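Notebook open, viewer open. I'll jot down what I look up as I go, starting with whatever catches my eye.

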Amino acid sequence: MNGNVQVVVIGGGYGGVTAANSLARRDGVSVTLVNPRPDFVERIRLHQLVTGSDDAVVGFGEVLGGNVRLVVDTATRIDAGERQVSLAGGGTVSYDYLVYAVGSGAADPGVPGAAEFAHWVSDIEGAERLRSALATSASAPVTVVGAGPTGLETAAELAEAGRKVTLVCGDVLGPSLHARVRRPVARRLAALGVSVLEGAGAQVTEVTRDAVRLEDGRELPSAVTIWTAGFRVPDLAARSGLRTNTEGRLVTDSSLTCVDDERIVAAGDAAVMTDHPFRMSCQAAVQLGPAAAATILRRIGGKTPAPVRMFFAGQCLSLGRNEGVTQFSYPNDKVNALRISGRPGAGVKEIACRFTLNKLVSGARKAS
Ligand SMILES: Cc1cc2nc3c(=O)[nH]c(=O)nc-3n(C[C@H](O)[C@H](O)[C@H](O)COP(=O)(O)OP(=O)(O)OC[C@H]3O[C@@H](n4cnc5c(N)ncnc54)[C@H](O)[C@@H]3O)c2cc1C
């Protein structure tokens, strides 16, 4: 392709920022990133925003290369035929290539009362509302629904901050963890005074203003209910007539190219490679952003894009500020029994968060 190539990145999370920075380093490529907020949200610290140990926000000036044009707006539609993105603010941006990196947010559990009364931590707006709700009732009982990584981290963070927390697992505590790694997690929660409900019957069937009802008939008083089970992706791709899977993730081939249009490449939680499914995670997003950029750069150079290779190291969980658990995995994300727990586990988690942010900052410097 001759002349300046215009690339638009939709979404300024881990996937979008790493893609934008990788692309902006290349001469002859102009990058525009569209994001609804003027700053970068460190989603992996949102449970800390709730208790106030971190604000989970970093200026885009720190993480986005000076060569990247930031448009603070929300994409409302992708017109693949015209190669144009419509914005909520009324304008449009045109592209030669598009990176679809809109991430994920809270899932609607479809349980009566949950949409009306439950809070969530999966996006910053939800986390800020939750923080305000908790501030109005310091001693009131809190229920965290879902015992995946977000539920575990949120329950522990709140319990360490002195809240009375019940964790409703639905099934098992930490379903993504190895059975031997669940033990130190359970011990830590017990030490923090978290009441853990797991097994048959521990499914939430209704949320009310001040209680949670379980399948087995139990009713738990709950002034603040936090729903953490599952993420849902925005419906922008589906609304734009692009093929998505049942979760709404944009379907791509092994080079992250949209199966409907080779000018559209995806990264992060909102993408799904049909032949190589991966867990929605920051760990995946920071690998997929540069991989999406590489696919576009190869196409610009007239080459066939290469299949994406991803490597997972494990899952790092903070269990409050003072302890944590690192669950190691094989490179294909299958967990094993290796772990680091206690204070060293918290240290590994903090290093992982800082390392991730530093990676964005160094990518920004290279793209300035
Ligand atoms: C509390 C918590 C803790 C977590 N801890 C970990 C962890 O320890 N390790 C880990 O690997 N993962 C963790 N995750 C998951 C991780 O945060 C996500 O998987 C990751 O953020 C996905 O990155 P992304 O770039 O795909 O999307 P996101 O980071 O969600 O970014 C997407 C961006 O796109 C923007 N956007 C959405 N729609 C539009 C639109 N229409 N137009 C323009 N912009 C749009 C959003 O506003 C957002 O800025 C955690 C998540 C939570 C909530």
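Which strands does helix α9 lie across, and at about what angle does α9 run to β20? I looked it up: α9, residues 282-300, lies across β1, β9 and β20. The angle to β20 comes out at about 155 degrees. Note to self: this is a predicted model.

**Entry: the sheet**

Next I traced the strands themselves. I get an open sheet of five strands, ordered β5-β2-β1-β9-β20, with parallel pairing. The edges belong to β5 (68-72) and β20 (264-266); each has a single partner strand, so one side of each has no neighbour in the sheet. I also checked the twist: on average, neighbouring strands here are turned by 20 degrees against each other, direction ignored.

Then I zoomed in on one pair. β2, residues 29-35, pairs with β5 in the parallel sense, and I find five bridges between them. Within that pairing I noted L33 standing opposite L70 in β5.

What else packs on this sheet? Helix α1, residues 14-24, does, and it touches β1 (5-10), β2, β5 and β9 (97-100). Its direction makes about 165 degrees with that of β2.

**Entry: helix α5**

I moved on to α5, which has 12 residues, 124-135. From first C-alpha to last, α5 reaches 16 Å, close to the 16 Å expected at 1.5 Å a residue.

Which residues of α5 are buried? I list A127, L130 and L134. They cover an arc of only 60 degrees around the axis, so they sit on the same side of α5. That fits the textbook picture: an α-helix has 3.6 residues a turn, so residues three or four places apart point the same way. On the other side of α5 I find S132 and A135, both exposed.

I also wanted to know what covers the buried residues of α5. The cover includes α2 (46-51) and β17 (224-227).

**Entry: two domains**

Last job was the domain split. The chain divides into domain 1, made of 5-104 + 233-310, and domain 2, covering 107-229. I get 31 Å between the C-alpha centres of domain 1 and domain 2.

How many residues are in contact between the domains? Eight from domain 1 are in contact with 11 from domain 2. On the side of domain 1 that touches domain 2, α2 gives the most, with six residues. I've met α2 already, as part of what covers the buried residues of α5.

Note on methods. Residues are numbered from 1 along each chain as its sequence is written. This is a predicted model: local features need pLDDT of at least 70, side-chain atom pairs count only at pLDDT 80 or more; totals for chains, interfaces and linings use all residues. Two strands pair if DSSP finds at least two bridges between them. Helices (H or I, at least four residues) and strands (E, at least two) are DSSP runs, numbered from the N terminus. Axes are lines fitted to C-alpha atoms, for helices over the stretch in contact, and angles run from 0 to 180 degrees between N-to-C directions. Two residues are in contact if their C-beta atoms, placed from the backbone, lie within 7 Å. The expected span of a helix is 1.5 Å times one less than its number of residues. A residue is buried if 20 or more other C-beta atoms lie within 10 Å of its own, exposed if 12 or fewer, and partly exposed in between; C-beta atoms are placed from the backbone. The arc is that of the directions from the helix axis to the C-beta atoms. Domain bounds come from an automatic or database domain assignment.
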